[in-house]
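Grab a pencil and work through the exercises below, with the model open beside you. Each task comes with a step-by-step solution.

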Amino acid sequence: MLQLRHILICMLLWALPPTAQANDYNLPQLNDSTSATISLQEEYRLGRSWSRILRGQAPMLQDPISYQYLEDLIWRLLPNSQVQDRRVSMFLLDNRGINAFAVPGGVIGVNGGLILTTESEGELASVLAHELAHLSQRHYAQRLEEERKNRPMMLAGMLAGILLAAADTEGGMAVISSTMGASAYQQLAFSRRNEQEADRAGMQTLVASGFDPEAMPSMFARLQRSYRFYGQKPPEFLLTHPVTESRIADSMNRAHQLPKPRNNDSSLEFQLVKARMTVHFNESSRKILEQYQAAHKKNPSMANQYGLLLSAIADGQHQLAESTWQSLPESLKRHPYVQMTRIEQLQSAGQHQQAVALADQLLQLYPGNRPVRMLRANALHRAGQHQQAASAYRSLARDYPEDAEVLYQLSETLGLIDDKLGVHEARIEYFLLTAQFDLALRQIEYAKREKGLTGSDRARLEQREREAKALREEMKQQF
């Protein structure tokens with residue numbers, strides 16, 4: 001963490017113009033000159049580079065079910081947004097702070113704590129819609145247009161600020177829009193006009209996607225109450241992005257003028273994923289189990305039944321988990337998320353073969369389903385079926401080449417079957433995805449020393465070496 005902070009402080013010192021002040025910037029409206037400053041393709045490449053840094057420095061929440069839910073929610077919103085380049089990449093961070101961010105190039109990040117804090121799917125969607133609006137209005141590019149001379153370092157500073165907040169495992173309160181991450185340093189704050197644009201465009205996306213527009217002012221009000229609850233000065237980057245009474249009133253007035261959906265209820269999927277976050281971020285597995293037992297006794301809703309199952313698994317109460325599973329209503333048992341949780345339950349109880357069998361059944365129902373495939377690969381690994389697990393991880397790596405966790409697990413599994421070249425190559429890809437270029441190049445050297453390499457093996461490694469050096473140089477120029 002100290003190394004990360006040193007790197008980011010250096011980036012920010014390079015980034016900030018010496019005489020900049022927080023209120024000096026009066027941003028222009030989006031126009032054609034924005035693309036002359038930085039094109040969509042340049043934004044995309046910059047976003048991909050920054051993603052590598054994020055993977056290597058910020059803790060990711062390894063929950064394929066919750067990840068899939070968020071990705072589906074983003075793709076529900078995205079077609080109704082004004083985002084032009086829809087090559088999006090999503091991150092779920094293992095951080096209980098209330099935070100979400102969108103980086104130029106379609107990189108969208110969500111802290112697990114944001115899901116934990118929202119009370120409805122509409123509130124969660126309003127945060128994501130707001131972030132998409134910052135991307136669609138190209139507010140970063142507008143700032144770069146204002147600061148042409150400093151543009152590479154200024155964007156580096158913005159991204160560094162976001163990363164510093166994302167990697168803060170201490171949690172703490174964060175703003176609804178941490179596209180403002182670097183506004184911790186005040187010189188990099190979005191203007192009030194940018195926020196108004198993002199509110200307006202985000203609410204339009206929200207309504208077009210079938211959500212209640214009043215979810216956005218509801219979320220603003222929740223944030224404001226949170227600030228008052230904590231009763232302390234918020235982090236610096238909140239000071240330039242206040243959730244004011246006037247902003248809540250403006251969004252409420254706008255929401256009243258827009259149509260409301262027929263069904264305002266949160267989806268069952270949202271309730272299930274929120275239960276997953278509640279259990280994941282608990283301070284004591286026994287305490288959260290007792291809380292869900294009490295909640296279930298008072299109100300045996302599907303969400304409380306599911307939470308009881310999850311908390312029993314987390315506390316290692318295998319008999320209770322099994323009895324809870326058996327008592328679930330059939331309609332809940334048939335839900336894909338609950339079926340996947342059954343795989344997790346079987347694995348926690350050491351019933352790995354049964355977990356593999358259930359994963360195989362689910363893949364017949366949901367061919368190609370990413371979380372099921374990941375759970376199946378994990379179950380195979382834990383069942384000691386390392387050859388089959390390696391094959392499953394290889395398949396996932398081909399389909400999702402930017403999933404660092406898959407590459408890490410692939411490397412570990414290949415080591416168990418003594419596939420030395422495979423281990424090297426999986427590690428090379430992992431290090432490249434996490435911006436650890438020197439380690440990737442060192443791993444290439446190790447791989448080239450292995451005995452029995454074919455001509456095609458050497459050619460492949462030499463090609464990857466050239467690509468790794470090119471990536472390292474590109475990132476030096478960008479940051």
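**Exercise 1.** Sort the residues lining the largest cavity into nonpolar, polar and charged.

*Solution.* Start with the classes: Ala, Val, Leu, Ile, Met, Phe, Trp, Tyr, Cys and Pro count as nonpolar, Asp, Glu, Lys and Arg as charged, and the others, Gly among them, as polar. The lining then splits into five nonpolar, five polar and three charged. A cavity here is a set of points on a 1 Å grid over the protein atoms alone where a 1.4 Å probe fits but cannot get out, and lining residues have an atom within 4 Å of a point. This is a predicted model, where local features need pLDDT of at least 70 and side-chain atom pairs 80 or more, while totals for chains, interfaces and linings use all residues. Numbering runs from 1 along each chain as its sequence is written, and side-chain values use heavy atoms, leaving out hydrogens and water.

**Exercise 2.** Find the volume of the largest cavity and the residues closest to its centre.

*Solution.* First, the volume, meaning the space filled by probe spheres set on the grid points, joined across faces, edges and corners, is about 120 Å³. Next, of the 13 lining residues, L40, E43, V83, D85 and L135 are closest to the centre.

**Exercise 3.** Do the same sorting for the second largest cavity.

*Solution.* Its volume is about 30 Å³. The lining consists of S81, Q82, A129, L132, A133, S136, A201 and T205. Sorted by class, that gives four nonpolar, four polar and no charged.

Definitions and conventions: 1 Å grid on protein atoms, 1.4 Å probe; cavity = no way out; pocket = protein on both sides within 12 Å on 5 of 7 lines; lining within 4 Å.
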